[in-house]
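The following exercises are to be solved with the sequence and the coordinates at hand. Each task is followed by a solution in steps.

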Amino acid sequence: MNVEKLRKMAGSVRTGGKGTMRRKKKAVHKTTTTDDKRLQSTLKRIGVNAIPAIEEVNIFKEDVVIQFINPKVQASVAANTWVVSGTPQTKKLQDILPQIIHQLGPDNLENLKKLAEQFQKQAPGGAAGTDAAAGAVAAAEDDDEVPELVAGETFEAAAEEGHTS
């Protein structure tokens, strides 16, 4: 073998300067695929099942919402574990409030009312976004309630008045 060729090969493998030991093995760097495989195997062991046809997931954190559009959702009820995979978008609650009101249940409407009151206290002039949110809450609440009957009126009489005008 040629001495220069050996020195060139030895020089490319050294980690330190002159007089240091050569590495025995080449360092193998872990890739993210190994982490992903480990996560998938752990989820499989828990017994997670995929839930199809979920268009949107919103995670509420104070006045910030983490929104996933068309995520991959997996769940294990026995382990009380939910996995949401996808690209997240962080938005302010005021920005997406009109679109998500129809998704909220009756217990969340109470929380939404409190939130609207807090915003009104913070901004005494009443910003347009808060007024819209409060109006949307009131509209959603009006839709849930059955209107009271007026004494002396029947549905038939009201229908006849509607046809005559």
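Helices (H or I, at least four residues) and strands (E, at least two) are DSSP runs, numbered from the N terminus. The structure is a predicted model, in which local features need pLDDT of at least 70 and side-chain atom pairs count only at pLDDT 80 or more, while totals for chains, interfaces and linings use all residues. Residues are numbered from 1 along each chain as its sequence is written, and side-chain values use heavy atoms, with hydrogens and water left out.

**Exercise 1. The loop residues with positive phi**

Task: Locate Asn80 and state whether it is buried or exposed.

Solution.
Step 1. Asn80 sits in the loop between strand 4 and strand 5.
Step 2. The hairpin of these two strands has four residues between the strands, and Asn80 takes a positive phi near 55° there. Asn80 is not a glycine.
Step 3. With a relative accessibility of 65%, Asn80 counts as exposed; the classes are buried (under 20% relative accessible area), exposed (over 50%) and partly exposed in between, for a 1.4 Å probe and protein chains only.
Step 4. Asn70 can be treated in the same manner. Asn70 belongs to the loop between strand 3 and strand 4, and has a positive phi of about 50° although it is not a glycine. Its relative accessible area of 58% makes Asn70 exposed.

**Exercise 2. The sheet that contains strand 4**

Task: Determine the strand order of the open sheet with strands 1, 4 and 5, and describe the surroundings of Ser76.

Solution.
Step 1. Two strands pair if DSSP finds at least two bridges between them. On this basis the open sheet has the order 1-4-5, with antiparallel pairing.
Step 2. Strand 1 (49-51) and strand 5 (81-85) are the edge strands, each pairing on one side only. From one strand to the next, the twist averages 30°; axes are lines fitted to C-alpha atoms, for helices over the stretch in contact, and angles run from 0 to 180 degrees between N-to-C directions.
Step 3. Five bridges link strand 4 (residues 72-76) with strand 5 in the antiparallel sense. Within this pair, Ala75 has Trp82 as its bridge partner, and Ser76 stands opposite Thr81.
Step 4. Ser76, a residue of strand 4, has a relative accessible area of 4% and is therefore buried. Leaving aside neighbours within four places in sequence, Ser76 is in contact (heavy atoms within 4.5 Å) with Ile46, Gly47, Val48 and Thr81.
Step 5. As background, side chains in a regular strand alternate between the two faces of the sheet.

**Exercise 3. The sheet that contains strand 3**

Task: Identify the edge strands of the sheet with order 2-3-6, and find the helix that lies across these strands.

Solution.
Step 1. Three strands make up this open sheet, and they pair in the antiparallel sense.
Step 2. Strand 2 (56-61) and strand 6 (88-92) each pair on one side only and are thus the edges. Neighbouring strands are turned by 25° against each other on average, direction ignored.
Step 3. Strand 3 (residues 64-69) is joined to strand 6 by five bridges; Ile66 has Thr90 as its partner in strand 6.
Step 4. Helix 3 (residues 93-100) lies across strand 2, strand 3 and strand 6, and runs at about 100° to strand 6.

**Exercise 4. The largest pocket**

Task: Which element gives the largest share of the lining of the largest pocket?

Solution.
Step 1. On a 1 Å grid over the protein atoms alone, a pocket is an open set of points where a 1.4 Å probe fits, with protein on both sides within 12 Å along at least five of seven lines; lining residues have an atom within 4 Å of a point.
Step 2. The largest pocket has a volume of about 160 Å³, where grid points are joined across faces, edges and corners and the volume is the space filled by probe spheres set on the points.
Step 3. Ten residues line the largest pocket, and Phe60, Leu93, Asn111, Leu112 and Leu115 lie nearest its centre. Helix 3 and helix 4 (106-122) are the elements that give two or more residues to the lining.
Step 4. Helix 4 gives the largest share, four residues.
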